[in-house]
Amino acid sequence: LVNAAAFLSGLAGIFAVPATNAALPMLVPEAELPRANGILGGLSQSAYLLGTLGGGLIVSAFSPAAAIMADGFGFLIMASLLLFVQVPGRNALPTGQRPGIWADLRSGLKLMSRSRLLTFIPLLALLINITTGPVMVVTPKLMESLGYGAKGYGVFLALESVGLLVAGAIFGVLGKRIPLRLCALLCFLLLSASLLGMWLLPTYTPLIAFSFGVGLSIGLLNTP
C-alpha cells in the first residue's frame with residue numbers, strides 16, 4: 001500500500017507541476033512572473049516545511065500510516081481549493097481550433113531549439129534528479145544508523161525546506177533583478193559543494209547543515 005500511495009503521489013505530481021507552471025503566466029503579468037514564482041515557491045515550501053515537521057511528529061507519536069492518512073487529507077483540501085481558481089483565457093479557443101498534444105510538443109521542441117540554454121535545461125534537470133534522488137533514498141537509512149530515525153530525517157527535510165523557502169523569498173523580493181545565468185552557475189556550485197560535504201561528513205550535524213545548501217540551490221534553480 002505504501003508503494004501504491006507513493007506511485008499515485010508521483011503520478012499526481014507529473015500532471016500538477018506542469019499544469020501549475022502553465023497556469024501561472026495566465027494569472028500574473030509577464031513582468032511580475034519571477035516574483036510570482038518566488039512567492040508561489042515560498043508558500044509551497046512553507047507548507048512543505050510544516051508538513052515535514054508535522055509528519056515527523058505524527059510518525060513518532062502514532063505511526064507512518066497515520067502520517068500517510070494526514071497527507072492524503074491534505075491533498076483532498078488542495079483539490080477542493082483548486083475548484084475556486086479561475087484561469088483567464090482557458091476557453092479562448094473553440095474546440096475545433098485547439099492544438100493537440102503532439103502539436104504542443106512539436107511547438108515546445110521548436111522553441112527550445114532556438115536557445116542553447118533552453119536545450120540544456122532538461123539535461124540539467126535530469127542531472128539534478130540523478131544526484132539528489134539517491135540522497136533521498138539513502139538518508140533515512142543513514143539517520144537510522146546514526147540513532148536519529150524518523151525525527152532526524154524530518155529535521156533533514158525541514159532544513160532542506162528552509163533552503164527552498166529562502167530561495168522563494170529571494171526571488172519574491174528581488175524578482176527580475178537577479179542575473180539568472182550567474183545565479184544558475186553559483187547554484188550548481190553550491191549544490192555540488194553540499195553533496196560533496198554530505199559524502200565527506202556523513203554525521204548528523206553536517207548532514208542537516210548541508211541539506212539547507214541543497215534546498216537553497218535547488219530552489220534558486222527551479223524558481224525562475
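Buried means a relative accessible area under 20%, exposed means over 50%, and partly exposed is what sits in between. Keep those cut-offs handy for the exercises below, and bear in mind that this is a predicted model.

**Exercise 1. Decide whether Ser 217 is buried or exposed, then describe its surroundings.**

Start with the place: Ser 217 is in helix H8. Next, look at the accessibility. The relative accessible area of Ser 217 is 0%, so this serine counts as buried.

Now see what surrounds the residue. If you skip the neighbours within four places in sequence, Ser 217 is in contact with Cys 187, Leu 190 and Leu 191. The side chain also has a polar partner: one of its polar atoms lies 2.9 Å from the backbone oxygen of Gly 213.

**Exercise 2. Sort Lys 151 and Thr 203 into buried, partly exposed or exposed.**

Take Lys 151, which you'll find in helix H6. Its relative accessibility is 56%, and the cut-off for exposed is over 50%, so Lys 151 is exposed. While you're there, check a partner from far along the chain: Ser 60 is 91 residues away in sequence, yet the two C-alpha atoms are 7.2 Å apart.

Move on to Thr 203, in the loop between H7 and H8. A relative accessible area of 41% falls between the two cut-offs, so Thr 203 is partly exposed. Its C-alpha atom is 8.7 Å from that of Met 143, a residue 60 places off along the chain.

**Exercise 3. Work out how H7 and H8 are arranged against each other.**

Two packed helices are described by the angle between their axes and the distance between the axes. Here the angle is about 155° and the axes are 8 Å apart. Angles over 145 degrees count as roughly antiparallel, so H7 is roughly antiparallel to H8. As for handedness, the crossing of these helices is left-handed.

Finish by picking out who makes the contact. On the H7 side the residues include Cys 183, Cys 187, Leu 190, Leu 191 and Met 198. On the H8 side they include Gly 213, Ser 217 and Leu 220. Ser 217 and Gly 213, the pair from the first exercise, both turn up here.

**Exercise 4. Find which helices build the largest nonpolar core.**

First get the core itself: there are 23 residues in it, and those with the most contacts inside it are Met 143, Phe 156, Met 198 and Leu 220. The elements giving two or more residues are helices H5 (116-146), H6 (149-174), H7 (180-200) and H8 (204-222). H8 gives the most, with eight residues.

Then zoom in on Leu 220. Leaving out residues up to four places away in sequence, Leu 220 touches Ala 167, Ile 170, Phe 171, Cys 183 and Cys 187.

Another residue to try is Tyr 153, in helix H6. Beyond its neighbours within four places, Tyr 153 is in contact with Met 136, Thr 139, Pro 140 and Met 143. Its C-alpha atom is also 8.7 Å from that of Ile 208, 55 residues away along the chain.

**Exercise 5. Step back and summarise the whole protein: how many helices and strands does it have?**

Count the elements: there are eight helices and zero strands. Reading along the sequence gives the pattern α-α-α-α-α-α-α-α. Of the 224 residues, 25% are buried. Lastly, take the contacts between residues at least 6 apart in sequence: 69% of them join residues at least 24 apart.

Technical notes:
Residues are numbered from 1 along each chain as its sequence is written. This is a predicted model: local features need pLDDT of at least 70, side-chain atom pairs count only at pLDDT 80 or more; totals for chains, interfaces and linings use all residues. Side-chain values use heavy atoms; hydrogens and water are left out. A nonpolar core is a set of buried Ala, Val, Leu, Ile, Met, Phe, Trp, Tyr and Cys residues joined through side-chain atoms within 4.5 Å. Buried means under 20% relative accessible area, exposed over 50%, partly exposed in between (1.4 Å probe, protein chains only). Helices (H or I, at least four residues) and strands (E, at least two) are DSSP runs, numbered from the N terminus. Contact means heavy atoms within 4.5 Å. A polar contact is a pair of N or O atoms within 3.5 Å; within protein, one must be able to donate a hydrogen and the other to accept it, and residues adjacent in sequence count only if both atoms are side-chain atoms. Axes are lines fitted to C-alpha atoms, for helices over the stretch in contact, and angles run from 0 to 180 degrees between N-to-C directions. Angles under 35 degrees count as roughly parallel, over 145 as roughly antiparallel, 65 to 115 as roughly perpendicular and the rest as oblique. A crossing is left-handed if the near helix is turned anticlockwise from the far one by less than a right angle, and right-handed if clockwise.
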